[in-house]
Amino acid sequence: MANNLFLPALLALAVLASGCTSATTGTTTTTTTATATTQATTTTASAVTTTTTATTTTQPSVKEIQMTASQWKFEPSEITVNQGDTVRLEIKNIDVAHGFSLSEFGISKQLPAGATTTVEFAANKKGTFTFFCSVFCGSGHGGMTGKLVVQ
């Protein structure tokens, strides 16, 4: 009887071990996990029936982007992501105080001079959206804009 229970447990471990993967490409991380459920049923004839179910789940990726804010531009000025991605912007401000606003996603951050600020949000709607400097930074302030494209 002990051997009959050992086999389903071993099978469940093998499914878990072979189905768990984690892949990293550049700065986009996608994680895939597998889960297994094992049930053992003993009948009067001492036969054991094992049922194994595996489920694979793919999580949205995190798109991490290094940006620079300076008079009077964001670099890169165009960012493309996929709908459902978590977007993490690491914005390094190299001169005077700036701001980063992306109204459609409810984002408005101060970017202190000489500091790096993290802005994170879920790209939950498709389209092209304009981001801009929200702190007056000099004569070219009005042109300090960029574009977010969510596919």
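Which residue in E5 does Ser70 stand opposite? In this predicted model, Ser70 stands opposite Lys73 in E5, and the surroundings of this position serve below as an entry into the wider arrangement of strands, core residues and charged pairs.

The protein chain contains one helix and twelve strands, and the order of these elements along the sequence is α-β-β-β-β-β-β-β-β-β-β-β-β, with the helix preceding the strands. Of the 151 residues in the protein chain, 28% are buried. Among contacts with a separation of 6 or more, 58% join residues that lie 24 or more positions apart. The protein chain exposes about 8700 Å², and carbon and sulfur atoms supply 54% of this area.

Ser70 itself belongs to strand E4, which spans residues 62-70. With a relative accessibility of 7%, Ser70 counts as buried, because this value falls under the 20% limit. When residues up to four places away in sequence are set aside, Ser70 touches Ile94, Asp95, His98 and Met144. Strand E4 pairs with E5 in the antiparallel sense over three bridges, and a hairpin of two residues joins E4 to E5. The loop between E4 and strand E5 (73-75) holds Trp72, and the peptide bond leading from Gln71 to Trp72 is cis, with omega near 5 degrees. A further cis peptide bond runs from Glu75 to Pro76, with omega near -5 degrees, and Pro76 is placed in the loop between E5 and E6. Most peptide bonds are trans, and the two positions are therefore worth noting against that background.

Strand E4 also pairs with E7, here in the parallel sense and over eight bridges. Within the pairing of these strands, Ala69 stands opposite Asn93 in E7. E4 thus has an antiparallel pairing with E5 and a parallel pairing with E7.

The largest nonpolar core comprises 24 residues, and those with the most contacts inside it are Met67, Phe74, Leu89, Phe100, Leu102, Phe121 and Leu148. Two or more residues of this core are given by each of E4, E6, E7, strand E8 (98-102), strand E9 (107-111), E10, strand E11 (127-132) and E12. For Met67, neighbours within four places in sequence being left aside, the contacts are with Phe74, Glu75, Pro76, Ile79, Leu89, Glu90, Ile91, Lys92, Phe100 and Phe131. Pro76, which follows the cis bond from Glu75, is thus among the contacts of Met67, as is Glu75.

Side chains of opposite charge can pair when their charged atoms come close. In the present model the count comes to four salt bridges. In one of them, Glu64 is joined to Arg88, with the closest N and O atoms 3.1 Å apart. Glu64 lies in strand E4 and Arg88 in strand E7 (residues 86-93), so this pair ties together parts of the chain that are 24 residues apart in sequence. Both partners count as partly exposed, Glu64 having a relative accessible area of 27% and Arg88 a relative accessibility of 24%. The salt bridge therefore connects two strands that also pair with one another in the parallel sense.

Arg88 forms a salt bridge with Glu120 as well, the N to O distance being 2.7 Å. This pair links distant parts of the chain, since Arg88 lies in strand E7 and Glu120 in strand E10 (residues 116-122), 32 residues apart. Through shared partners, the salt bridges join Glu64, Arg88 and Glu120 into one network. Glu120 is likewise partly exposed, with a relative accessible area of 45%.

Another salt bridge brings together the side chains of Lys147 and Glu78, at 3.7 Å from N to O. Lys147 lies in strand E12 (residues 145-150) and Glu78 in strand E6 (residues 78-81), and the pair links parts of the chain that are 69 residues apart. Lys147 is partly exposed, with a relative accessible area of 34%, and Glu78, at 43% relative accessibility, is also classed as partly exposed. Strands E6 and E12, which carry these two residues, are among the elements that give two or more residues to the largest nonpolar core.

Technical notes. Residues numbered from 1 in each chain as written. Predicted model: local features only at pLDDT ≥ 70, side-chain atom pairs only at ≥ 80, totals over all residues. Heavy atoms only, no water. Helix = DSSP H or I, 4+ residues; strand = E, 2+ residues; numbered from the N terminus. Buried < 20%, exposed > 50% of the residue type's maximum accessible area, 1.4 Å probe, protein only. Contact = heavy atoms within 4.5 Å. Areas by Shrake-Rupley, 256 points an atom, 1.4 Å probe, with all protein chains shown as cover. Core = buried A, V, L, I, M, F, W, Y, C linked by side-chain atoms within 4.5 Å. Pairing = 2+ DSSP bridges.
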